[in-house]
Amino acid sequence: MPADDAQILTRTAKLPDRFGEGFVRDAWYVACLSPDLKAGKTAKHEFLGEPVLMGRTSKGEAYAIGDLCPHRAAALSAGRVHREADGTDSIECPYHGWRFGADGACKAIPSLTADSEFDISKVRVPRYPVVESQGLVWIWMASDPRRATSPPEPPPTIPGVVGGRPKLVDRLDYDVHVDHAVLGLIDPAHGPYVHQQWWWRTKASQHEKRKTFRPSEAGFTMVRHEPSKNSKAYALLGGEPLTEITFRLPALRWEHVTVGKRQVLALSAMTPINAGKTRMNQIIWSDHWAFVALSPIIRLAARAFLRQDGKIVDCQTPGLKHNPPLMWVGDADAQARWYHQCKREWAGSRLEGRPFRNPVKEQTLRWRT
């Protein structure tokens, strides 16, 4: 890494010392789904505490730029889409009409006279790299905006995106830091207490579980296995389902179920809005007949499941405001420890300009749930 780049990273990145602080940067996050972006329209967002305007040009290209005009900090998302003489789209600030293209460059400052020597090419707002893949719009959140234009790797490719459009899309905002939201994704012991339904499991139905985990790209995977017998929802799939569950930084968890040649993929993608709010994006794809014949029932059940997690977050939020120390006990909390270790290692690898070294080792965990 060049010396000047190393100095930039040293100034802008640091290792997260405490759980519930800092974000995984220099990483791809799920911003939205492709259908959410309409040609010629813009949408106001906030990611990792940064105001972002997202849109799609009239030519169909997705883009993301900073949402604050550098003149007086007005929200560009409150302005309008303008068609430039060259046929490209720009965003016109509602305050003084400054216009910015999809690349973040300033296109016009109307108040300047024809003989002005001011160089508008030096004016721009941040541009965030975006990639559309598998029906998702990914946004790259860099540790320093000056190094944000060329991500070193593409967004992750997730196995099991089958059956055309998603069979379920749901979103829910949690009023907690992303670290605490992630724990809900990878905590295996809360099911009998939080998710008590006749079609899932009851508090009385608890058994000792024994699962093997292996390190995987930027995270870890529970190797493919038969689902728990006390999880009744899997019975809807028939046959002999096998499931594999993967967690990947920054905050992605997916469960890939195979039933013969049929597949179900449930993706949970956490995207930090800011230090105190996290968006859960829940998306399910499948080519299994049950997700066509029983789609209304499955949709209602999935929404109920997600909102039960939301209620627990509501119970946590008042206590977390006191910033208490947290206890991680036994194998049931091993994935929480791994997440924090992976997060620190990711920051360290970016800070030092070296490859990520996965701290997770293959092992078998045991817990009751």
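**Exercise 1. Work out how S11 is paired and what packs beside it.**

Start with the ladder: strand S11 and strand S17 (residues 277-286) run antiparallel and are joined by seven bridges. Strands here are DSSP runs of E with at least two residues, helices are runs of H or I with at least four, and both are numbered from the N terminus. Two strands pair if DSSP finds at least two bridges between them.

A word on the model before going on: it is predicted, so local features need pLDDT of at least 70 and side-chain atom pairs count only at pLDDT 80 or more, while totals for chains, interfaces and linings use all residues. Residues are numbered from 1 along each chain as its sequence is written, and side-chain values use heavy atoms, with hydrogens and water left out.

Next, pick one rung: Leu172 has Met280 in S17 as its bridge partner. Then look for the helix: H5 (residues 295-320) packs on the sheet and touches S11 and S17, where contact means heavy atoms within 4.5 Å. The direction of H5 makes about 10° with that of S11. Such angles run from 0 to 180 degrees between N-to-C directions, with axes fitted to C-alpha atoms, for helices over the stretch in contact.

**Exercise 2. Place S11 in its whole sheet and find the edges.**

Read the order across the open sheet of eight strands: S11-S17-S16-S15-S14-S13-S12-S18, with antiparallel pairing. Strand S11 (168-174) and strand S18 (363-368) each have a single partner strand, so one side of each is left without a neighbour in the sheet. On average, neighbouring strands of this sheet are turned by 20° against each other, direction ignored. Finally, add helix H6, which lies across S12, strand S13 (219-225), strand S14 (242-248) and S18, at about 145° to S13.

**Exercise 3. Describe the three-stranded sheet and the aromatic pair between S1 and S10.**

First the order: S1-S10-S9, an open sheet with antiparallel pairing. Its edge strands are S1 (27-33) and S9 (130-133), and the twist averages 30° from one strand to the next. Six bridges join S1 to strand S10 (residues 136-141); at one of them, Leu33 is partnered by Leu136.

Now turn to the rings. The structure holds nine aromatic pairs. Rings of Phe, Tyr and Trp (its six-membered ring) pair if their centres lie within 6.5 Å; planes under 30 degrees apart count as stacked, over 60 as edge-to-face and the rest as tilted. Trp28 and Trp140 are edge-to-face, at 5.4 Å centre to centre and 65° between the planes. Trp28 lies in S1 and Trp140 in S10, so the pair ties together parts 112 residues apart in sequence. Both rings' residues are buried: Trp28 has a relative accessible area of 6% and Trp140 one of 2%. Buried means under 20%, exposed over 50% and partly exposed in between, with a 1.4 Å probe and protein chains only.

**Exercise 4. Characterise the pair of Phe213 and Trp338.**

Take the geometry: the pair is edge-to-face, 5.5 Å centre to centre, with 70° between the planes. Then locate the partners: Phe213 is in strand S12 (residues 208-216) and Trp338 in helix H6 (residues 334-352), 125 residues apart. Check burial next: Phe213 is buried at 1% relative accessible area, and Trp338 counts as buried at 6%. Last, widen the view: ring pairs link a cluster whose members include Phe213, Trp338, Phe220 and Trp367.
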